[in-house]
Amino acid sequence: MEPEINLRATLECGQVFHWQERDDGAWEGLIGNVHAVVRENAVGLEVVQGDPAAVARYFALDHDLGRIYAGFPRDATMLAALDFCRGLRIIRQPAWECLATFITSSMKQVTHIRQMSHALRARFGRGVRGSRLRSYPSPAALAAASEEDLRGCGLGYRAKNLRATAQRVASGEADLEAWRQLDDAALREALCTLPGVGRKVANCVMLFGFERCGAFPVDTWIARIMREHYWRGRAKPTPLALERRLAKRFGPHAGYAQQYLFHHARMTQRRARR
DNA sequence: ACCCAGGGGCAAG
DNA sequence: CTTGCCCATGGG
C-alpha cells in the first residue's frame with residue numbers, strides 16, 4: 001500500500017515556494033538542483049520525471065502519518081484542520097534554500113515569498129537541465145551579490161540580512177550540515193545567531209529544513225488561532241509565551257499540527273479577512 | 001487612504 | 001525578561 005499524500009496541500013501550504021502546477025495536473029519543481037515532475041494518483045505519488053528514491057525522501061513518504069495524527073489533540077479546531085489537510089507532508093527541503101527563503105519571509109504574504117524566490121532564482125540561480133525552473137542561488141552567489149541587486153528582487157530591508165547570512169554560510173563560518181548533529185535547543189540557538197533569523201524563522205527552518213517535527217513556529221496566524229481556541233486567560237499572550245506553554249500540548253509532532261492549523265485557517269479564512 | 005503580511009533587531013522600561 | 005518602534009514592499 002502506497003503512503004498517502006495530498007500534493008496540493010503539501011506544495012501550497014507555505015513550507016516551499018517554487019513548485020508549479022502544470023496544465024495536465026502534474027507538479028514541476030526542483031529537488032536540490034535536479035528536475036522533478038510528480039503527480040498524485042489513486043494509489044499515491046507517481047514520479048513522472050526524476051529519481052524515485054530522491055522524490056520519496058524529499059516528500060518524506062516514510063513519515064507515518066497515522067502515528068502522527070494519533071498524537072494530535074482531539075479538539076474540534078484540530079480535527080477540522082486534520083480533515084481539511086489530511087495527507088499534507090512536511091517535506092525534507094534543502095537547509096540553505098529553506099533558511100534563505102524564510103529570511104525573506106518576514107512581514108510578507110506567501111504569494112510575495114513566492115515572487116521573491118522566483119526573482120532570486122531568475123537573477124542568481126542556474127539553469128537546470130530539462131526544466132524551465134532555475135536552481136535556488138547558492139550561498140556564494142548571494143554572498144557575492146550587492147544589496148542593491150537583492151533589493152531589486154523585491155526584498156526591501158531583508159536584502160541586508162540575506163546577504164549577511166549568505167556570507168556566513170559561504171565562508172564556512174556557519175556550517176549548516178554540521179549543525180544537523182545538534183539537539184533542538186542548540187540548533188535553534190545556532191540558527192538565531194544568523195542575521196535575519198529570530199525564533200520564528202529558526203523554528204520554520206528546523207521544521208522544514210532539519211526534520212525537527214516538534215519545532216513550533218508562531219506567526220500571526222498561529223498566534224490568533226492559539227488565542228482564540230487554546231488560551232484561557234486575560235492578558236494577550238506574546239508569541240513566545242504561546243510557544244512555550246502550548247507546543248507540548250500538540251505532542252512530539254507539534255510542527256505537523258501547527259502546519260495543519262496554519263494551512264486550514266489560511267485557506268478557509270482568506271476571503272473573509274477583507 | 002488605510003491596513004496587514006509565516007518578524008527581527010535594537011533601545012528603553 | 002518584556003515592550004515600542006522602525007525597517008520596505010505589495011496587495012486587498
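This report describes a predicted model of a protein with a DNA strand, taking up the surface near the DNA, a pair of packed helices and a sheet.

**The surface near DNA strand B**

There are 27 residues around DNA strand B, and K108, Q109, V110, Q258 and Q259 come nearest. By class, the surface near the strand comprises 13 nonpolar, nine polar and five charged residues. On the side of the DNA, sugar or phosphate accounts for 60% of the atoms of DNA strand B within 4 Å of the protein, and bases account for the rest.

Three polar contacts with DNA strand B are set out below.

| Protein residue | Protein atom | Atom of DNA strand B | Distance |
|---|---|---|---|
| G14 | polar backbone atom | base nitrogen | 2.9 Å |
| Y157 | polar side-chain atom | base nitrogen | 3.0 Å |
| D219 | N or O atom in the side chain | sugar or linking oxygen | 3.2 Å |

G14 thus meets a base through its backbone, whereas Y157 meets a base through its side chain. The side chain of D219, in turn, is paired with a sugar or linking oxygen. Helices and strands also contribute to this surface: α11 (199–209), α12 (220–229) and α14 each give two or more residues to it. The largest share, four residues, comes from α11.

**The packing of α4 and α14**

Helix α14, one of the elements at the surface near DNA strand B, spans residues 254–269 and packs against helix α4, residues 76–85. Two packed helices are described by the angle between their axes and the distance between the axes. For α4 and α14 the angle is about 80°, and the axes are 8 Å apart. An angle from 65 to 115 degrees counts as roughly perpendicular, and α4 and α14 are therefore roughly perpendicular to each other.

From α4, the residues making the contact are T77, M78, A80, A81, L82, F84 and C85. Those of α14 are A257, Y260, L261, H263, H264, M267 and T268. Taken by class, this contact holds 10 nonpolar and four polar residues, with no charged residues.

**The sheet**

Strands of a sheet pair through backbone hydrogen bonds, either parallel or antiparallel. In this model, four strands form an open sheet with antiparallel pairing, in the order β1-β2-β3-β4. Its edge strands are β1 (20–21) and β4 (45–49), each of which pairs on one side only. Strand β1 runs antiparallel to β2 (residues 27–31), and two bridges join them. In one of the pairings, E21 has W27 of β2 as its bridge partner.

Note on methods: Residues are numbered from 1 along each chain as its sequence is written. Chains are lettered from A and ligands numbered from 1 in the order in which they are written. This is a predicted model: local features need pLDDT of at least 70, side-chain atom pairs count only at pLDDT 80 or more; totals for chains, interfaces and linings use all residues. Side-chain values use heavy atoms; hydrogens and water are left out. Axes are lines fitted to C-alpha atoms, for helices over the stretch in contact, and angles run from 0 to 180 degrees between N-to-C directions. Angles under 35 degrees count as roughly parallel, over 145 as roughly antiparallel, 65 to 115 as roughly perpendicular and the rest as oblique. Contact means heavy atoms within 4.5 Å. Ala, Val, Leu, Ile, Met, Phe, Trp, Tyr, Cys and Pro count as nonpolar, Asp, Glu, Lys and Arg as charged, and the others, Gly among them, as polar. A residue is near a molecule or strand if one of its heavy atoms lies within 4 Å of it. A polar contact is a pair of N or O atoms within 3.5 Å; within protein, one must be able to donate a hydrogen and the other to accept it, and residues adjacent in sequence count only if both atoms are side-chain atoms. Two strands pair if DSSP finds at least two bridges between them.
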